[in-house]
Amino acid sequence: MSAPCFALHGKRVWVAGHRGLVGSALVRRLEAEDCEVLTAPRDRVDLRSPDQVTRWMAIARPQAVFVAAARVGGIHANDTRPAEFLYDNLLIEANIVEAARHAEVEKLLFLGSSCIYPRDAPQPLKEEALLTGPLEPTNQWYAIAKIAGIKLAQAYRRQYGCDFNAAMPTNLYGPGDNFDLLQSHVVPALMAKAHRARIERSPVMTVWGTGTPLRELLYVDDAADGLVFLMQHHSGEDFVNLGTGVEISIAELAATICRVVGFAGRLEFDRTKPDGTPRKVMDVFRLHSMGWTAPTGFEEGLERTYRWYVDNLGSQARAAG
Ligand code: GDP
């Protein structure tokens, strides 16, 4: 692994979106970096407001920024709240990038998503596949906003010489995830359903879609570690995929989650629900060549996530039972 081109030691580092899944993992990870972690209080800084973001940045004076703030959600939320997913995300990223330029932030890392790639792009998804074809319709609103974020980082680099960069994390899961069945992504949704089915001694649990789609899943603390690595080691117009390169079918994922949770009943596939994109796995050649790979095994990540769910959402989890 090469020596860092950007040291975080002694720096003021703003994690925008510190209460989210990846933002909170970044705050945990940065504790090991001997830097000052800055977070913007949600009740005082609405990231959709240019004035509030500019004011916050002028006071906080971060030297490095992770743009982990976004309106996020699973396939149902994306499909049913397109305006919020597009408008909120465009405003959040544009405000932070512009304010970071004025505040002379030394380095910024924008977090995109694997859904930026065309639905029918060759798999595994290479960084070069961006904008080579139409998007998956169920999450196109979020994807368009994230593509705009990548382009903002590139444009500010070209026009103003800002060291603004982007990373594309794959589907994430882990402690701190949203377990609400209508808003969540597949891992927390299936975990909450399996937990409930076990507690209720139900013979069956429902999985959306056909079970055939393939997804790549990255444990969120690994994602945070990879993002810190990229902040330290990568600078350039080219963005970098952040994933494992390993994929699993939704049916296999459901069976693994049931094993971790201890639910031994039957799986029923609800084909009235959308499958979304048929396959989504990242090409991680660029990341691996830089010297970083994800350390946490899949079952281990699921076990830690389930422990967090039971410990932290215990009352909710028990109420569900
Ligand atoms: P996506 O990766 O953007 O499609 O987002 P999700 O994580 O929400 O969904 C991934 C896949 O899991 C899709 O094929 C869903 O149909 C499938 N899936 C199966 N059961 C569920 C569930 O209970 N909730 C969610 N969100 N997805 C599910």
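A residue is called buried when its relative accessible area is under 20%, and exposed when that area is over 50%. Keep this cut-off at hand, since the exercises below lean on it; the model you are looking at is predicted.

**Exercise 1. Helix α8**

Task: Find out whether the length of helix α8 agrees with or departs from the expected span, and list which of its residues are buried.

Solution.
- Step 1: Helix α8 covers residues 250–261, which is twelve residues.
- Step 2: At 1.5 Å a residue, the expected span is 16 Å, because the rule multiplies 1.5 Å by one less than the number of residues.
- Step 3: The end C-alpha atoms of α8 are 16 Å apart, so the span agrees.
- Step 4: Apply the burial cut-off to α8, and you get Ile 250, Leu 253, Ala 254, Thr 256, Ile 257, Cys 258, Val 260 and Val 261.
- Step 5: Step past the end of the helix and you meet Gly 262, with a positive phi near 90°.

**Exercise 2. Helix α4**

Task: Repeat the check for helix α4, and say what phi the residue Glu 104 has after it.

Solution.
- Step 1: Helix α4 runs over residues 82–102, a total of 21 residues.
- Step 2: At 1.5 Å a residue it should span 30 Å.
- Step 3: Its end C-alpha atoms lie 31 Å apart, which agrees.
- Step 4: The buried residues of α4 include Phe 85, Ile 92, Ile 96 and Val 97, and also Asp 88 and Glu 93.
- Step 5: Glu 104, which follows α4, has a positive phi near 55°.

**Exercise 3. Asn 78**

Task: Decide whether Asn 78 is buried or exposed, and name the residues that it touches.

Solution.
- Step 1: Locate Asn 78 in helix α3, residues 75–80.
- Step 2: Its relative accessibility is 4%, so Asn 78 counts as buried.
- Step 3: Setting aside residues up to four places away in sequence, Asn 78 touches Gly 73, Phe 85, Thr 138, Asn 139, Trp 141 and Tyr 142.
- Step 4: One of these, Phe 85, is also among the buried residues of α4.
- Step 5: For a distance across the chain, take Lys 193: it is 115 residues from Asn 78 along the chain, and their C-alpha atoms are separated by 20 Å.

**Exercise 4. Phe 239**

Task: Work out where Phe 239 lies and what surrounds it.

Solution.
- Step 1: Phe 239 sits in the loop between α7 (220–233) and β10 (240–242).
- Step 2: With a relative accessible area of 5%, Phe 239 is buried.
- Step 3: Leaving out residues up to four places away in sequence, its contacts are Ile 116, Tyr 117, Glu 127, Leu 130, Ile 150, Ala 166, Met 168 and Arg 286.
- Step 4: Take Glu 127 from that list: it is 112 residues from Phe 239 in sequence, while the C-alpha atoms are 7.1 Å apart.

**Exercise 5. Backbone details in loops**

Task: Find where the cis peptide bond is, and say whether Arg 61 and Arg 201 are buried or exposed.

Solution.
- Step 1: The cis bond joins Gln 123 and Pro 124, with omega about -10°.
- Step 2: Pro 124 belongs to the loop between β4 (107–111) and α5 (140–160).
- Step 3: Arg 61 is a residue other than glycine with a positive phi, near 45°; it is found in the loop between α2 (50–60) and β3 (64–67).
- Step 4: At 52% relative accessibility, Arg 61 counts as exposed.
- Step 5: Arg 201 has a positive phi too, about 50°, and lies in the loop between α6 (186–199) and β7 (204–208).
- Step 6: Its relative accessible area is 77%, so Arg 201 is exposed.

**Exercise 6. The whole chain**

Task: Judge how the radius of gyration of the chain compares with the globule rule, and what share of its residues is buried.

Solution.
- Step 1: Start with the secondary structure, which comes to eleven helices and 13 strands.
- Step 2: The radius of gyration is 19 Å, close to the 20 Å that the rule gives for 321 residues, so the chain is as compact as a globular protein of that length.
- Step 3: Buried residues make up 52% of the 321.
- Step 4: Among contacts with a separation of 6 or more, 80% come from residues 24 or more positions apart.

Conventions: Residues are numbered from 1 along each chain as its sequence is written. This is a predicted model: local features need pLDDT of at least 70, side-chain atom pairs count only at pLDDT 80 or more; totals for chains, interfaces and linings use all residues. Side-chain values use heavy atoms; hydrogens and water are left out. Helices (H or I, at least four residues) and strands (E, at least two) are DSSP runs, numbered from the N terminus. The radius of gyration is taken over C-alpha atoms; the globule rule is 2.2 Å times the number of residues to the power 0.38. Buried means under 20% relative accessible area, exposed over 50%, partly exposed in between (1.4 Å probe, protein chains only). Contact means heavy atoms within 4.5 Å.
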